[in-house]
Amino acid sequence: AALAMAALLATTAATAVAAEPQATTGAARSLSASAATLTAQVNPGGEQTRYYFEYGLTQRYGSRTAEASAGSGDSARRVTTRLTGLRPNTTYHYRVVALNPSGVVSGADRTFRTRPQPLGLQITAAPNPVTFGSAATITGTLTGTGNAGKAVQLQQRPFPYTGAWTNVGNAVVTDANGAFSFPLLTGILATTQFRVRTVEAPVTTSEVLTLGLAVRVKTNVSATRVRRGSSVRFSG
């Protein structure tokens, strides 16, 4: 009887050591416009345990991280995974999943929201350089969160670039994709620097674009027929 009791206690102890894992979804840290660090607590339950995170735009998730080892201890340990390539200004659902030979356990669903993408401006000119006195067009794109329907203003500073920046015409509003254009219909008379700025605060300013000037060269040649006692005249 004593031997049977000892065997039963040994079996019970072994069973207590080997158990399904425990998983607790933690907070999301180090958020940016395209990345986040997910945290969790995983107790391996005394068996070799692995874990991963599920994440997505709904509680159906749809994406998961690669599996990683949580060890085989019998106490909770902190685990983390870095997500990248996320959409800016977007809410994501996530949870941790832990698995070992005794079972698979999911932590509770939690959410985080990525940061907005800061606004940025890129501009270009066509043609560049432009022929003296001819027209050109400044086009560009406002990128980032909330880039549609924003007022932007074109400014200029002619060579030698020592004067103050001055507005060129009226501000225009970006389209649904953040695109805009400024036709310069009055003609370019000197090499000029241009930039574009958002009208509303906080102000975002593009890099300076230099629009070069190509001088128009025109040559006319006329000649009279050579006759005895006459001369030839060229003009240019």
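Which residue forms a salt bridge with arginine 64? The partner is glutamate 67, and the closest N and O atoms of the two are 3.2 Å apart. The model described here is a predicted one.

**Salt bridges**

Side chains of opposite charge can pair when their charged atoms come close. In this structure the count of salt bridges comes to four. Three of the pairs are set out below.

| Pair | Closest N to O distance |
|---|---|
| Glutamate 54 and arginine 95 | 2.7 Å |
| Arginine 64 and glutamate 67 | 3.2 Å |
| Glutamate 200 and lysine 150 | 3.8 Å |

The salt bridge of glutamate 54 with arginine 95 has its closest N and O atoms 2.7 Å apart. Glutamate 54 belongs to strand 3 (residues 49-56) and arginine 95 to strand 7 (residues 91-100), so this pair ties together parts that are 41 residues apart in sequence. Glutamate 54 has a relative accessible area of 17%. Because buried means under 20% relative accessible area, glutamate 54 counts as buried. Arginine 95, at 25% relative accessibility, is partly exposed.

In the pair of arginine 64 and glutamate 67, arginine 64 is partly exposed at 45% relative accessibility. Glutamate 67 is also partly exposed, with a value of 34%.

Glutamate 200 and lysine 150 meet through their side chains, at 3.8 Å from N to O. This pair links distant parts of the chain, 50 residues apart. Glutamate 200 sits in the loop between strand 17 (192-198) and strand 18 (209-211), while lysine 150 sits in the loop between strand 12 and strand 13 (151-158). Glutamate 200 is partly exposed, with a relative accessible area of 49%, and lysine 150 is partly exposed at 27%. Elsewhere, Arg50, Arg64 and Glu67 are joined into one network by salt bridges that share partners.

**An open sheet of three strands**

Strands of a sheet pair through backbone hydrogen bonds, either parallel or antiparallel. Which of these two arrangements is found in the open sheet with the order 10-12-16? The pairing of its three strands is antiparallel. Strand 10 (120-126) and strand 16 (179-184) are the edge strands, each pairing on one side only. On average, neighbouring strands of this sheet are turned by 20° against each other, direction ignored.

How many bridges join strand 10 to strand 12? There are seven, and strand 12 covers residues 136-143. Alanine 125 stands opposite isoleucine 138, a residue of strand 12.

Notes. Residues are numbered from 1 along each chain as its sequence is written. This is a predicted model: local features need pLDDT of at least 70, side-chain atom pairs count only at pLDDT 80 or more; totals for chains, interfaces and linings use all residues. Side-chain values use heavy atoms; hydrogens and water are left out. Two strands pair if DSSP finds at least two bridges between them. Helices (H or I, at least four residues) and strands (E, at least two) are DSSP runs, numbered from the N terminus. Axes are lines fitted to C-alpha atoms, for helices over the stretch in contact, and angles run from 0 to 180 degrees between N-to-C directions. Buried means under 20% relative accessible area, exposed over 50%, partly exposed in between (1.4 Å probe, protein chains only).
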